[in-house]
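Let's take a friendly walk through a protein model together. Have the sequence and the 3D view ready, and look for each residue as it comes up.

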Amino acid sequence: MSSDNLFKLARAAGVASLIAVAGLLSSCQVRPLYAESTGVNQKLADVSFSDAGSRVGQVVRNQLIFIAGRGAGETKTPKYTVDLSVSSGTGGVIYLPSSDTSGAGRTTVTAAFTLKSASDGKVLKSGSRAVTSLVDFPTQEFAKARAIRDSEDRAAREVAELVGADIAAALSR
């Protein structure tokens with residue numbers, strides 16, 4: 001086989017593979033989650049969240065309302081409801097034997113949620129998300145209580161972002 005024929009064969013194979021790759025890429029369905037064409041923003045604005053049972057649960061709920069309504073508040077006529085259950089706990093991780101206390105800890109906030117259609121109660125998505133936030137324990141008791149509260153708030157806002165993204169992804173389908 002001459003080098004001229006080999007060159008023509010390689011060129012034809014290159015063109016064929018380029019066409020095949022272009023065909024495969026044209027079937028990709030990647031699109032932005034919050035694009036206007038998906039209608040996710042309007043669907044998120046039609047979501048209602050269950051009442052909270054704790055201070056940390058209220059922080060998560062408030063953040064979810066802010067995310068879903070884009071700052072406009074909760075809808076009066078929901079098309080979707082979210083049953084939300086939030087738990088939190090703080091524990092020490094660095095033990096100081098000299099004072100028999102912990103010098104640092106971690107706060108974990110867990111949010112379990114179920115997204116339902118308000119009209120028929122059909123479950124669209126359910127799941128659970130958890131976030132851990134680190135905290136230093138000062139020697140003063142009020143400062144320690146405030147550090148734990150700040151750690152809970154940080155973890156609550158983060159878990160709300162994750163739950164909000166899960167809800168948006170479910171509504172975009």
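Let's begin with Glu152, which counts as buried because its relative accessibility is 15%, and buried means under 20%. Keep in mind as you look around that this is a predicted model.

What does Glu152 form a salt bridge with? Its partner is Arg55, and the closest N and O atoms of the two are 2.8 Å apart. Arg55 sits in helix α3 and Glu152 in helix α4, so this salt bridge ties together parts that are 97 residues apart in sequence. Arg55 itself is partly exposed, with a relative accessible area of 31%.

Arg55 also meets the side chain of Asp153 in a salt bridge, at 2.8 Å from N to O. Here too the pair links distant parts of the chain, with Arg55 in helix α3 and Asp153 in helix α4, 98 residues apart. Asp153 counts as buried, at 15% relative accessibility.

Another salt bridge joins Asp51 and Arg61, whose closest N and O atoms are 3.9 Å apart. Asp51 lies in the loop between β1 and α3, while Arg61 belongs to helix α3, ten residues away. The two partners differ in their surroundings: Asp51 is exposed, at 66% relative accessibility, whereas Arg61 is buried, at 12%.

Here are these three salt bridges side by side:

| Salt bridge | Closest N to O distance |
|---|---|
| Arg55 and Glu152 | 2.8 Å |
| Arg55 and Asp153 | 2.8 Å |
| Asp51 and Arg61 | 3.9 Å |

How many salt bridges are there in the whole structure? A search finds eight. Some of them share partners, and in this way Asp51, Arg61 and Glu74 are joined into one network.

Now step back to see the overall layout. The protein has four helices and four strands, and along the sequence they follow the pattern α-α-β-α-β-β-β-α. Of the contacts between residues at least 6 apart in sequence, 63% join residues at least 24 apart.

Next, look inside. In soluble globular proteins, nonpolar side chains tend to be buried together. In this model, the largest nonpolar core has 28 residues, and those with the most contacts inside it are Phe49, Val60 and Ile167. At least two residues of this core come from each of α2 (40-45), β1 (47-49), α3 (55-69), β2 (80-96), β3 (101-117) and α4 (141-171). Which element gives the most to the core? That is α4, with nine residues.

Phe49 is a good place to zoom in. Apart from its neighbours within four places in sequence, Phe49 is in contact with Arg61, Leu64, Ile65, Ala68, Glu74, Val82 and Ile167. You have already met two of these contacts, Arg61 and Glu74, in the salt-bridge network with Asp51.

What about aromatic rings? The structure holds zero aromatic pairs. There is, however, a charge to find over a ring: Lys144 lies over the face of Phe137, at 4.9 Å from the ring centre.

Finally, turn to the protein as a whole. It has 173 residues, and 29% of them are buried. Its accessible surface comes to about 10700 Å², and carbon and sulfur atoms account for 56% of that.

Terms used. Residues numbered from 1 in each chain as written. Predicted model: local features only at pLDDT ≥ 70, side-chain atom pairs only at ≥ 80, totals over all residues. Heavy atoms only, no water. Core = buried A, V, L, I, M, F, W, Y, C linked by side-chain atoms within 4.5 Å. Buried < 20%, exposed > 50% of the residue type's maximum accessible area, 1.4 Å probe, protein only. Contact = heavy atoms within 4.5 Å. Phe/Tyr/Trp six-rings, centres within 6.5 Å; stacked < 30°, edge-to-face > 60°. Lys NZ or Arg CZ within 6 Å of the ring centre and 35° of its normal. Areas by Shrake-Rupley, 256 points an atom, 1.4 Å probe, with all protein chains shown as cover. Salt bridge = Lys/Arg side-chain N within 4 Å of Asp/Glu carboxyl O.
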